[in-house]
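User: Hello! I am new to this structure and would like to understand its hollow spaces. Could you walk me through them?

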Amino acid sequence: MQTILIIEDEQSIAELMRDYLEVNGFSSDIAATGTEGFEKAMANPYDLILLDLMLPGIDGLELCKALREKLDIPILMVTARKEDIDKIRGFDRGADDYIEKPFNPNELVARVKAHIARFNRLVNRDRPSSAIRIKGLEIDPLSRRVTVEGVEKPLTAKEFDLLLFLASHPNHVFTKEDLFDRLWGMESFGDLTTVTVHIRKIREKIETVPSTPEYIETIWGVGYRFKK
């Protein structure tokens with residue numbers, strides 16, 4: 001049975017999430033604070049984390065960053081805030097998706113299922129079996145490690161999946177819609193902003209000069225292309 005960690009300080013909301021998830025075949029744990037959530041995440045194997053943005057003690061954004069540095073699983077942020085800047089900050093810290101309060105519980109469950117299924121497919125099946133080496137960049141699908149000139153570059157789970165997908169299709173131009181549909185798979189739920197944010201974060205990590213990228217180039221008015 002797949003297990004979800006719910007980090008939410010409002011008990012009624014946390015219990016609503018838990019009840020709907022359990023009805024749909026998931027088990028779940030609840031943490032009411034960021035500290036408790038981090039400790040549970042480090043101590044137990046979870047398939048996905050639902051993380052509230054506003055938490056007592058450690059901020060949800062900082063907790064997302066701390067979790068992403070340790071875990072390679074989907075993280076969905078749950079928030080009452082609707083500003084784009086909050087979404088961008090969340091994506092910057094490694095969130096895979098956002099869901100706004102008040103939410104439809106069935107939509108929440110649908111997103112959880114979709115993210116877990118997509119993550120499992122990307123990690124376990126839909127990837128090359130051998131490392132990709134282009135110039136000084138090496139991407140190892142089996143260990144999920146990226147190095148540039150022999151120096152390892154820590155990427156989040158979604159950053160790695162996006163880079164691997166682009167590098168597996170060199171010289172092919174993909175629109176933001178293509179990439180979002182391929183990596184997130186829920187156009188009706190999501191926001192194309194996340195594609196731009198993830199591309200920028202990848203460039204900051206693998207490019208010598210991110211503003212003049214050597215690997216991932218922008219095709220203005222169209223999308224992105226991995227240069228080989």
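Analyst: Happy to help. A cavity is a set of grid points where a 1.4 Å probe fits but cannot get out, and its volume is the space filled by probe spheres set on those points. In this predicted model, the largest cavity has a volume of about 40 Å³.

User: How many cavities of 30 Å³ or more are there?

Analyst: The count comes to one cavity of 30 Å³ or more.

User: What makes a residue part of the lining of the largest cavity?

Analyst: A lining residue has an atom within 4 Å of a cavity point. Ile 73, Pro 74, Asp 96, His 115, Phe 119, Ala 157 and Lys 158 line the largest cavity, so each of them meets that cut-off. Helix H5 (105-124) and helix H6 (157-168) are the elements that give two or more residues to this lining.

User: Why is His 115 in that lining called polar?

Analyst: His is in neither the nonpolar nor the charged list, so His 115 counts as polar. The lining divides into four nonpolar, one polar and two charged residues.

User: Why is the other kind of space called a pocket?

Analyst: Because a pocket is an open set of points, whereas from a cavity the probe cannot get out. The largest pocket has a volume of about 420 Å³. Its lining has 22 residues, and Arg 68, Glu 69, Pro 154, Leu 155 and Thr 156 lie nearest its centre.

User: Which element gives the largest share of the pocket lining?

Analyst: That is H3, with four residues. By class, the lining of the largest pocket has 14 charged, six nonpolar and two polar residues.

Notes:
Residues are numbered from 1 along each chain as its sequence is written. This is a predicted model: local features need pLDDT of at least 70, side-chain atom pairs count only at pLDDT 80 or more; totals for chains, interfaces and linings use all residues. Side-chain values use heavy atoms; hydrogens and water are left out. On a 1 Å grid over the protein atoms alone, a cavity is a set of points where a 1.4 Å probe fits but cannot get out, and a pocket is an open set with protein on both sides within 12 Å along at least five of seven lines; lining residues have an atom within 4 Å of a point.
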